[in-house]
Amino acid sequence: MDLSSAGHQPMVSPCGGVTMVFNGQIYNWKQLRTQLEGLGHVFASQCDTESILLGYLEWGEEIFTKLTGMWAVVLVDERAGKLVVSRDRLGIKPLYEGVGENGELIFASEIKAIRPFVPGADTVDTTVAKRYMARGWLDDVSKTLYTGVRNFPAGCISVWENGVRRDRRFWTHPIPQRRATDIRAMRDLLIEVVDDHTQSDAPLATTLSGGIDSSTINAIMARELGKRTSIHAFSVDAPDIPDESPLIDETVRELGIQHEYICLNHLDYIREIDAMLDVHDEPTFSVGQLNQFMFRKKVHERGYKVLLVGDGADEVLAGYAKIVPMYVSALMDAGLNEQAEQVLHLSSELTGLGHDEAKSRLDLFRRTGVGGRTVQEYRFGYEMFSEAERPVDARMGFHKTHDQIRFLPSGQDLFQELLDRMIVDIPQILRNEDRNGMAHGIEIRPVFLDHRLIELAWSYPF
């Protein structure tokens, strides 16, 4: 197997028997290094890659359970005659796999790097295409749009040995526990996570919108980490998006940070759309991705290589207005009817609905489940099918089961929705972010998708 690839040079162990290619960033590499040095290992560099490699020599496959960060790793252990592959818990870094004409295993960070070598990869998988056109779902399954090219699963370790593949999932989304909510613990962990994400030898910037997520990241850096003077935050100013400048300007004044609006226009759209489509390999249906593609290009032009973003906060912390009915329903199931009524009343500003309309939608959800992810559908998509293809078969339905919440005494409606979003929406968000960033040499770091935050937040009662 040839492990060389553009931008990812292989690292070889001191004994010469293990070769590894790594894409990503490990945030606890220094702690791992200290442990490994205490066990007698000698480091030849000052990089996170070596901590993975020497960690594998010490702990074998268990090294991946010890990592905090984002990664795609392909490792050949000639001593043991095996191939080891792993991807981070949330799938922040991409990894695709395929099988070549002669049975060789092929891995890459982009689909276009695999397609020429996988038989049939120029053929569109019609089930995937139909599912995307009618439902908008693409990244929640292992298949890609191209036959024979698959997503390597997130949170997984796979070992090929003696012609046999062994898969092991080392992380899954946590289940709520019966424990008291500890705001101080959550606050302290969030500060620690932001601090970890700011470690970089390359110039680092942040995004800033009117939302709580990006504002929190910038506030922690400025006020808790003492990095106010080193922050350079960027906001996008583009046609047809809500004007959040009053909130952004207020945050900049409060924090005293450097800030710049990056202005986009319709001419940029025409000029850049072909480049974006080429980079993405698979479809994206949101004009917002075009905004982000161009936005990251202009951040790169200003000399930045790392960008902290707020993606995932709404999914992890239930920030979407559409989640309110599921939350209220969960309160009712728990017998907290007075609190449910209070939430309905107080959420009108968030949802933009009057009390009667909110109550009507809640009743509909309670009776039929309508409002959840089961009915997401783009009717115009069926117009692209032939008459024979139009019936929606089981393969196009949404049948996500989450065994970890089945026996929850309360909160099932809420956690069903959150898990659906984490499994369906987050992979697509991460694919788009990685493509838009790496197209311009920018590493995107989604702070709120650190597994430590999810494990703590979701351990609390719903």
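**Figure 1. Overall view of the predicted model.** Of the protein's 462 residues, 50% count as buried. Please keep in mind that this is a predicted model. The secondary structure comes to 16 helices and 14 strands. With a radius of gyration of 23 Å, close to the 23 Å from the globule rule for 462 residues, the protein is as compact as a globular protein of that length. Its C-alpha trace spans about 70 × 60 × 55 Å along the principal axes. Among contacts with a separation of 6 or more, 68% are made by residues 24 or more positions apart. The accessible surface of the protein is about 21900 Å², and carbon and sulfur atoms account for 51% of that surface.

**Figure 2. A close-up of the largest cavity.** Let's step inside and look at the empty space. Rolling a probe the size of a water molecule over the atoms shows where empty space is left. Two cavities of 30 Å³ or more are counted in this model. The largest cavity has a volume of about 90 Å³. Its lining brings together residues from distinct stretches of numbering, including Y27, G69, M70, H197 and P446. D88, R89, L90 and I92 also line the largest cavity, as do L449, D450 and H451. Sorted by class, this lining has six nonpolar, three polar and three charged residues.

**Figure 3. A close-up of the second largest cavity.** This cavity has a volume of about 70 Å³. Which residues line the second largest cavity? They are M70, I92, K93, D311, L430, E433, D434, I444 and P446. Two elements, α15 (412-438) and β14 (443-446), each give two or more residues to this lining. Helix α15 provides the largest share, with three residues. By class, the lining of the second largest cavity has five nonpolar and four charged residues, and no polar ones. M70, I92 and P446 are worth finding in both views, since each is listed for the largest cavity and for the second largest cavity.

**Figure 4. A close-up of E433 in helix α15.** E433 lies in helix α15 and is one of the residues lining the second largest cavity. Is this glutamate buried or exposed? At 9% relative accessibility, under the 20% cut-off, E433 counts as buried. Once neighbours within four places in sequence are set aside, E433 is in contact with R296, V309, D311 and I444. Of these partners, D311 and I444 also appear in the lining of the second largest cavity.

**Figure 5. A close-up of helix α4 and its cover.** Helix α4 covers residues 126-135, and eight of its ten residues are buried, so the helix is largely enclosed by the rest of the structure. Which residues of α4 are buried? They are T127, V128, A129, K130, R131, Y132, A134 and R135. The cover over the buried residues of α4 includes α15, the helix in which E433 lies.

**Figure 6. A close-up of L344 in helix α12.** To finish, here is a leucine in another helix. L344 is found in helix α12, which runs over residues 337-346. With a relative accessibility of 5%, L344 counts as buried. L344 touches V328, H355, A358, K359 and L362, leaving out residues up to four places away in sequence. For the pair L344 and V328, the separation is 16 residues in sequence and 7.1 Å in space, C-alpha to C-alpha.

Key
Residues numbered from 1 in each chain as written. Predicted model: local features only at pLDDT ≥ 70, side-chain atom pairs only at ≥ 80, totals over all residues. Heavy atoms only, no water. 1 Å grid on protein atoms, 1.4 Å probe; cavity = no way out; pocket = protein on both sides within 12 Å on 5 of 7 lines; lining within 4 Å. Points joined across faces, edges and corners; volume = space filled by probe spheres on them. Nonpolar A, V, L, I, M, F, W, Y, C, P; charged D, E, K, R; others polar. Helix = DSSP H or I, 4+ residues; strand = E, 2+ residues; numbered from the N terminus. Rg over C-alpha atoms; globule rule 2.2 N^0.38 Å. Buried < 20%, exposed > 50% of the residue type's maximum accessible area, 1.4 Å probe, protein only. Contact = heavy atoms within 4.5 Å. Areas by Shrake-Rupley, 256 points an atom, 1.4 Å probe, with all protein chains shown as cover.
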